[in-house]
Amino acid sequence: MNRWRRMATSVAGGLVAASAMACSGGPGVPYVPPPPLQMPSSAPEPGLPPVDRSQLPRPAEATDWSLPSVAEWTMPNGMRVWHLEQRSAPLVSVRMVFPQGAATDPLGKEGLTSLTGDMLDEGAGTLNALEIGDAFQRLATSYGTSAGVDAVTFRLDMLADELKPSLALAATLLRQPTFPPAEFARRKDLYVAGALSRESEPNAAVGLALRRVLFGKGYLGARPGGTKTSLKRITLADVKAHYSRIFRPEGATVVVVGAVAAPALKTALREVFGDWKGAAAAAVPADVKPAPLPAKAIYLVDFPGASQSTVVAARRTPGVGEADYFDGLVFNRALGGAFSSRLNLNLREDKGYTYGANSYFARYLRVGYHGLSARVKRETTRASVDEMLREIRDVSGARPVTEQEHREAIEGLVKGFPGRFERLSSTAGQIAAEAEEGRDVGWLGAWPSHVQKVTLEGARGAAQKYAETDAYALVIAGDTATFVDAMAELGRPLYTCDREGACAPRKAPR
């Protein structure tokens, strides 16, 4: 036995001895077991009513909660400011929304807006990327940029007493980016690698194919982050030119939530951004192209050997400005927008095909879509599709939204609404989403009342408008060889899609 093994044996023996002493109470002290665990009495506390444990507890009544009023003003350079003062913590959360997003990406260079925003902190003013990171770290400020379809959002979360220096550092990034060639090459390679990695994910592949099926190569037809092919085409000159077309103050919205008073905020914003001028010039598509591929078809993305299938049924819908927006929320909650919804109870609880199934509306400025999705066991792919289509047919026909579903949908939406504002950062994000969607500052505050006004007839009307099976395209990623014959029996045309979303009619096997 060598020295290390002797040491290990000695240590182990000491631990055993110490454990034995602890259990016995020490040398010469007999072990006394602890008293038996006493269960709490079921008798009610004095003055309280008795508890009936034979009944499930009932949900609490909905509280009358709504978002406090958000102040609004416009700076001389055209920047809008939305301010909500909250003193619950000495923190401030800022979102700067620039209303030109990934929809402005040139055809064939999808991902340009996202990559441009990502380059802002790779060098600005006299600072390089590492120095920028160190400066934000010293301020205890987190930051980041995200590109959506309709807007780019710059995020800051900071200590309240570091508001002005944090804004000043952010202004350096937004106004003086240097776009170092070496950093551009590095970030571009990472984006391409990320896009290549996503090609191994069935969910990502379905998302790309779904956009192409519903919207082609027009508005909403591409993923904001791009594909490996489109990202490889982007040059540093593209990034520099695109930056000058997007990141301009006029029309941008600054959302500020936290422990800062309006006078101090106005002073800080004026000193940091007051002399920044200019309007964005990025071209935004004025219209939405017709769906290029048939809706009543099945689109397959092959993942040989996959044990699960990702199944999506989706159709086009109007965008965020549609009059039945809230009717759609209530109808969708009953169909698949909650754990207790029809779709999830069917595919998960009753059939056991999946861990979870859901439905959703994805609405943007110009258009949107409604989808049902689930990741199911491979051998139940066809059966899952059948159940999805049946639920769509039933909710608009034989089994319309019931009074109970209508009531529970409204209660669930309203009771869940306050949870979207638990932190300053989430509150700022919710308010910023209003700006991203082109809404006014008071829309979110009125959200609960709009939901509560949805009638049963309104929810059923939305179901009849949207839940039409022939309007839903089926996009499935999985081991297609195991279920393609069963899918063909549905009588819909079959298409094959690659990992970047390009789809073509499926060729018959020879």
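## Pockets and cores of a predicted model

The second largest pocket has a volume of about 390 Å³. Its lining counts 22 residues, and Arg212, Lys217, Glu500, Gly501 and Ala502 are the closest to the pocket centre. Two helices, H6 (202–215) and H7 (228–232), each supply at least two residues of that lining. Please keep in mind that everything described here comes from a predicted model.

Now to the largest pocket, which holds about 720 Å³ of space. Here 32 residues form the lining, with Tyr325, Phe361, Ala362, Arg363 and Glu437 nearest the centre. Several elements give two or more residues to this lining: strands S6 (142–147), S7 (152–159) and S11 (354–363), together with helices H10 (325–335) and H14 (424–436).

Here are the two linings by residue class:

| Pocket | Nonpolar residues | Polar residues | Charged residues |
|---|---|---|---|
| Largest pocket | 17 nonpolar | eight polar | seven charged |
| Second largest pocket | seven nonpolar | eight polar | seven charged |

Let us turn from the pockets to the interior. In soluble globular proteins, nonpolar side chains tend to be buried together. In this model, the largest nonpolar core has 51 residues, and the members that touch the most others are Met96, Leu174 and Phe273. Helix H4 (residues 163–175) contributes the largest share of this core, with seven residues.

Which residues is Met96 in contact with, leaving aside its neighbours within four places in sequence? They are Met79, Val152, Thr153, Phe154, Leu174, Thr253, Val254 and Phe273. If you have the structure open, Met96 is a handy place to start, as Leu174 and Phe273 appear among its contacts and also among the core members that touch the most others. Apart from this core lies another, of 33 residues, including Ala374, Met388, Leu456 and Ala462.

Finally, a look at the whole chain. The protein chain has 17 helices and 15 strands, and its C-alpha atoms fill a box of roughly 85 × 70 × 65 Å along the principal axes. Of its 510 residues, 46% are buried. How much of the contact set with a separation of 6 or more comes from residues 24 or more positions apart? Such pairs account for 80% of those contacts. On the outside, the protein chain exposes about 25000 Å², and carbon and sulfur atoms supply 55% of that area.

How values were computed. Residues are numbered from 1 along each chain as its sequence is written. Side-chain values use heavy atoms; hydrogens and water are left out. On a 1 Å grid over the protein atoms alone, a cavity is a set of points where a 1.4 Å probe fits but cannot get out, and a pocket is an open set with protein on both sides within 12 Å along at least five of seven lines; lining residues have an atom within 4 Å of a point. Grid points are joined across faces, edges and corners, and a volume is the space filled by probe spheres set on the points. Helices (H or I, at least four residues) and strands (E, at least two) are DSSP runs, numbered from the N terminus. Ala, Val, Leu, Ile, Met, Phe, Trp, Tyr, Cys and Pro count as nonpolar, Asp, Glu, Lys and Arg as charged, and the others, Gly among them, as polar. A nonpolar core is a set of buried Ala, Val, Leu, Ile, Met, Phe, Trp, Tyr and Cys residues joined through side-chain atoms within 4.5 Å. Buried means under 20% relative accessible area, exposed over 50%, partly exposed in between (1.4 Å probe, protein chains only). Contact means heavy atoms within 4.5 Å. Accessible areas come from the Shrake-Rupley method with a 1.4 Å probe; for residues, only the protein chains shown count as cover.
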